[in-house]
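Visitor: I'm new to this one. Could you walk me through it, a question at a time?

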Number of protein chains: 2
Amino acid sequence: MTKRNVTKLTPVSSNPRSSGSNTDKLVDELRRRIVTNQMPPGSRIRENELAEEFGVSRSRVRDAFGILEERGLIERIPNKGAVVMRLEADSFLELFDVREVLEGLMVRLATQNTEPEYWDDLIELFGDDLEKAVAENDFNAYMAAIAVFRQTCIEAAGSDTLRGLLDDIYDRVLSMTRRLMLVPGRASEGFRQHQGILQAMKAGDAEQAEVLKRDNIRSARQWFLKYNDFLL
Amino acid sequence: MTKRNVTKLTPVSSNPRSSGSNTDKLVDELRRRIVTNQMPPGSRIRENELAEEFGVSRSRVRDAFGILEERGLIERIPNKGAVVMRLEADSFLELFDVREVLEGLMVRLATQNTEPEYWDDLIELFGDDLEKAVAENDFNAYMAAIAVFRQTCIEAAGSDTLRGLLDDIYDRVLSMTRRLMLVPGRASEGFRQHQGILQAMKAGDAEQAEVLKRDNIRSARQWFLKYNDFLL
DNA sequence: GCTGATAATATTGTCAACAATATTTTTTGC
DNA sequence: GCAAAAAATATTGTTGACAATATTATCAGC
C-alpha cells in the first residue's frame with residue numbers, strides 16, 4: 001500500500017511516520033485541518049495562500065490537493081479552485097452502508113487473528129470509568145476510547161487493504177461522528193454496543209462480533225437519519 | 001465524488017467521460033495499460049518517456065503518477081522512480097475479503113432499489129448461449145458478461161461511495177480475475193453462481209442475493225488459494 | 001581480470017515564470 | 001443611478017529549467 005496507510009493513532013494528530021516527503025507533510029497537515037473542522041466544508045482553499053504559509057512552491061500544494069481530492073476530502077473545480085468537500089445526507093448514508101460491512105469485516109478478522117487475552121486492555125478501557133465519563137458527557141474521553149478500539153482492531157485484522165479503506169472513510173466521517181455523539185442517548189448506546197462487541201471478540205466468536213459491529217453502525221445510521229436536520 | 005468514479009463500461013477501454021483534463025486522459029491511459037498487463041507488475045515507468053510519448057510536460061505525468069499511486073496501481077520510491085504495483089498472495093487474499101463484503105453490499109442495495117423486471121436483460125445474458133460459450137472456453141464472452149453484471153449492479157445500487165471503492169478494487173484485481181478464469185472448472189462454477197444471484201435479485205430477496213454473492217467471492221478465493229502457485 | 005573510487009549520465013524533486021481562465025473593479029453610455 | 005462592456009486583478013493550469021539524488025560507466029591500483 002501507499003505510505004498514507006500507516007497508523008493514525010490519535011484521531012486528529014498529525015502522523016510523524018507519514019511525514020517523509022515534503023508533499024506528505026502538507027497532505028497530513030491539510031487533512032488534520034479538514035477533519036478538525038478548522039477548514040469547514042465548503043471552505044475555499046487557495047494554492048497561493050498555502051504555498052506561502054508552508055514556505056513551499058505552489059507545485060507542492062498542487063500535488064497535495066491531488067491526493068486530497070483522490071481521498072474525497074476536497075473537491076476541485078477546473079480553473080475555479082478547491083473547496084473542502086461538503087457531504088450531503090445521502091453521502092453520509094452511503095458511508096454508513098460501507099462502514100457497516102467494512103467494520104464488520106474488521107472485527108471478524110481481528111477476532112480470528114487474536115487470542116482472547118489480546119482484548120483485555122480494551123475491555124478494561126471500556127469499563128466503569130469510561131461508562132461514568134460517558135454518563136457525564138465527557139465526549140473527549142469517549143472519542144479517544146473509540147479511536148483506540150478502532151486502531152487496535154485494524155492492527156489485529158492485519159489487512160493493509162482494509163486499513164486503507166477504513167482510514168479514508170474515517171477522515172470523511174470524523175466530524176459527523178463527533179456531532180452524532182451529542183445526540184442524547186447515542187453515546188451511551190454506542191458505549192454498550194462496544195462492550196458487547198468486545199465480549200464477543202474475547203469469546204472468540206468472530207461471527208457474533210461482526211453481527212454486533214454491523215448492528216452498531218446500523219444504529220448509528222438510524223440516529224443520524226432521525227436527527228439529520230440538526231446534524232447537517 | 002471525484003471524477004474518476006464515473007462509469008467504466010467495458011473492462012479495459014478508456015473512458016471518454018473522464019477525459020476532461022489533460023491529466024485525466026493520462027491517468028486513464030496508464031490505468032488501461034496496467035490493467036491489461038501491457039505494463040506488467042514490476043515494470044519500471046519513467047516520467048520522461050511518458051511525457052515525450054504523450055507530448056506533455058513531465059509535470060502532467062507526475063500528477064498522473066500521484067493519482068495512480070493513491071489508487072494502489074503503482075508504487076513510487078522516492079528518488080528512485082515508479083513501478084507497477086506487484087501484488088503478493090497476501091494482498092490478493094485481503095482484496096478477496098474486502099470484495100466479499102463490498103460486492104455483497106452491492107447486490108443487496110441493487111436488489112432493494114429495483115423492480116424484478118430490471119434484471120430480465122441480465123438474466124437473458126446469463127442464459128444458454130453464454131453457458132455454451134463458457135463450456136467452450138470463450139472467456140472473452142464471459143468476461144464481458146461479468147463486466148455488464150457488475151456495471152448494472154453498481155448502477156442499481158446507486159451509491160457513488162461504493163462505486164468508487166469497487167472501481168479501485170476492480171482495477172487491482174482484473175488481471176488476476178482473467179487468470180483465475182483459466183483454472184478448469186472455475187468459470188462454469190462462477191457462471192452458475194451468477195445465475196443464482198440473478199434469480200435471488202429478480203425475486204427481490206436482497207439478503208439471499210447478498211449471501212450468494214459473498215459465497216461467489218469466497219469460492220473464487222478458495223480457487224485462488226488452491227492454485228496460487230500457478231496464478232501468481 | 002577484479003575491486004573500489006571517481007566521474008559521467010540518467011532520473012526524480014522542486015521551483016519560478018508564463019499562459020489561460022475566472023473574478024472583481026472600473027468605466028462608459030444611457 | 002443602473003447596466004453592460006472593458007480593464008484590472010486574482011487564481012488556477014502548464015511548462016521548462018535547475019537542483020538533488022541515484023545509477024551506470026570509466027579508470028586506477030593491485
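Visitor: How far is an N or O atom in the side chain of Arg44(B) from a sugar or linking oxygen of DNA strand C?
Guide: Keep in mind that this is a predicted model. A polar contact needs two N or O atoms within 3.5 Å. The side chain of Arg44(B) meets a sugar or linking oxygen of DNA strand C at 3.4 Å.

Visitor: Which part of DNA strand C is 2.6 Å from the side chain of Arg58(B)?
Guide: Chain B touches the strand in other ways too: a polar backbone atom of Asn79(B) sits 3.3 Å from a phosphate oxygen. For Arg58(B), an N or O atom of the side chain is 2.6 Å from a base oxygen.

Visitor: How many residues of the surface near DNA strand C are charged?
Guide: In total, 18 residues surround the strand, with Lys80(A) and Arg62(B) among the closest. Sorted by class, that surface has 2 nonpolar and 7 polar residues, and the charged ones number 9.

Visitor: Which residue of chain A forms a salt bridge with Arg214(B)?
Guide: The interface of chain B and chain A holds 4 salt bridges. In one of them, N and O are 3.7 Å apart, and the cut-off for a salt bridge is 4 Å. The partner of Arg214(B) is Glu210(A).

Visitor: Which helix gives the largest share of the side of chain B that touches chain A?
Guide: Helices H3, H4 (89-113), H8 (160-180) and H10 (206-231) of chain B each supply at least two residues there. The largest share is 11 residues, and these come from H4(B).

Key: Residues numbered from 1 in each chain as written. Chains lettered and ligands numbered in written order. Predicted model: local features only at pLDDT ≥ 70, side-chain atom pairs only at ≥ 80, totals over all residues. Heavy atoms only, no water. Near = heavy atom within 4 Å. Polar contact = N/O pair within 3.5 Å; in protein donor to acceptor, adjacent residues only side chain to side chain. Nonpolar A, V, L, I, M, F, W, Y, C, P; charged D, E, K, R; others polar. Salt bridge = Lys/Arg side-chain N within 4 Å of Asp/Glu carboxyl O. Helix = DSSP H or I, 4+ residues; strand = E, 2+ residues; numbered from the N terminus.
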